[in-house]
Amino acid sequence: MAEEPYTWQEINSQPQIWRATLEVFAIGRPALGGFLETAGFDRVLAVGCGSTHYLAQTAATTLVYRTSVRACALPASELWLHPGPFLTDQTLLLAISRSGTTTETLRAVERFREVCGGPVLAITCHPESTLAQQADFALVAPDAQEHSVAQTRSFTSMLLLTQALTSVLAQEDDEKALERLRQLPDILEDLVGRLGNLPQGLGSDLDIERFFFLGGCMLHGLANEAMLKTKEMSLSYAEAYYPLEFRHGPMSMVNEHTLVIGFLSDTGLAEELHVLKDMRQLGARTLALVEDGPKHAAGGPHAAGGPHADWRADHVIELRSGLDEWERGALYLPAIHLMAFHRALAKGLNPDRPHNLEAVVKL
Ligand code: F1P
């Protein structure tokens, strides 16, 4: 690769960028506590656009499952144009934007201020941006800024900020939780070291024509993001579904040119594996991203070699994080970033310059 594309550099810099991002968070932690003490809210409305909408989905689901705070996510444009019942008292607006300048996100903040007047917490890679300046408080990841259009390290770094924020709102020992998140960069380096040529092999295999990403609970927003990355970088047919939802119609699209990628959870593992097994029987190839391969293989009565030995996916990526399933979300994406990158190259595309797209949508 002559001049390394920005995208390649940004994907591979994630471990050190995650370290820097968590350090910036730790420095700002006291000020965050002060802001939250006076903010006065019992629910969170998370908004973003495209990738950062999917990040908002992930953040809202994590908040719901990990804290007593009620939370939901919307595209920023929906809050701007159809605010309706979402603008209620006691609401904190969590506005997420890599650039901090996307028009819909800024309009959503304005609408929220007009109607609610509640606190606005921004998450962005640009501390000097309009969004960061307009917000009452900003969690920032300046080291994760990107030249590329498609978000990779910016997304995962902002995801870490939402997870650190969740630990604070969970009113648990967030110092201990932050120490656990600080393990992620080393875990990612180990994971990437174990990937071998799998992302390049799958990405370069143009016999694969359609991708389906399956993820439930707090992994659903990440499955949506993986879908978008695959589209943006490689102009490929990609969709995302809740795992068991895939049987309710969309699996009609499965054929021998299909790759079904399972972002497997701990809590839904057996049934999610069953979906992958069913899709293999329909002719798809399958990739499982799972915390622990042996558990995946030994998934209860379907242990490898057992009566359902074919439960194993065609390809398995073991995260081996040792963390709770809500802490390890960022680990699911780098392998997909690499797969999408190699697919772009295999198709003669420039992953730095996705077709039709700009880094920021300004209306
Ligand atoms: C969001 C956005 C996404 C798009 C791509 C580039 O910008 O434009 O809509 O999917 O990832 O970023 P931002 O508000 O996060 O800066």
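These legends walk through close-up views of a predicted model and the ligand it holds.

**View 1. The ligand and its neighbours.**
Start with the ligand itself, which has 13 residues around it. The closest of them are S97, R98, S99, T102 and E232. Sorted by class, this shell comes out as four nonpolar, seven polar and two charged residues.

**View 2. Polar side chains that reach ligand oxygens.**
Now look at three side chains, one by one. S99 has an N or O atom in its side chain 2.7 Å from an oxygen atom of the ligand. For Q151, a polar side-chain atom sits 3.0 Å from a ligand oxygen. S51 also puts a polar side-chain atom by a ligand oxygen, here at 3.1 Å. How much of the ligand does the protein bury? On its own the ligand would expose 380 Å², and the protein buries 93% of that.

**View 3. Where the ligand sits.**
Step back a little and you'll find the ligand in the largest pocket. Two elements give two or more residues to the shell around the ligand: α3, which covers 51-66, and α11, which covers 220-234.

**View 4. The largest pocket and its walls.**
Here's the pocket in its own right, with a volume of about 400 Å³. Its lining is made of 26 residues, and those closest to the pocket's centre are C49, G50, S51, A359 and V361. S51 may look familiar, as its side chain is the one 3.1 Å from a ligand oxygen. Which elements supply at least two residues each to this lining? They are α3, β3 (91-97), α5 (103-115) and α11. As for the mix, the lining has 10 nonpolar, 11 polar and five charged residues.

**View 5. The largest cavity.**
Apart from the pocket, there are cavities to look at too. The structure holds three of 30 Å³ or more, and the largest cavity has a volume of about 50 Å³. Which residues line the largest cavity? You'll see G216, C217, M218 and L219, along with S265, T267 and E325. By class, that lining splits into three nonpolar residues, three polar ones and one charged.

Key. Residues are numbered from 1 along each chain as its sequence is written. This is a predicted model: local features need pLDDT of at least 70, side-chain atom pairs count only at pLDDT 80 or more; totals for chains, interfaces and linings use all residues. Side-chain values use heavy atoms; hydrogens and water are left out. A residue is near a molecule or strand if one of its heavy atoms lies within 4 Å of it. A polar contact is a pair of N or O atoms within 3.5 Å; within protein, one must be able to donate a hydrogen and the other to accept it, and residues adjacent in sequence count only if both atoms are side-chain atoms. Accessible areas come from the Shrake-Rupley method with a 1.4 Å probe; for residues, only the protein chains shown count as cover. On a 1 Å grid over the protein atoms alone, a cavity is a set of points where a 1.4 Å probe fits but cannot get out, and a pocket is an open set with protein on both sides within 12 Å along at least five of seven lines; lining residues have an atom within 4 Å of a point. A molecule sits in a cavity or pocket if more than half of its atoms lie within 2 Å of its grid points. Helices (H or I, at least four residues) and strands (E, at least two) are DSSP runs, numbered from the N terminus. Ala, Val, Leu, Ile, Met, Phe, Trp, Tyr, Cys and Pro count as nonpolar, Asp, Glu, Lys and Arg as charged, and the others, Gly among them, as polar. Grid points are joined across faces, edges and corners, and a volume is the space filled by probe spheres set on the points.
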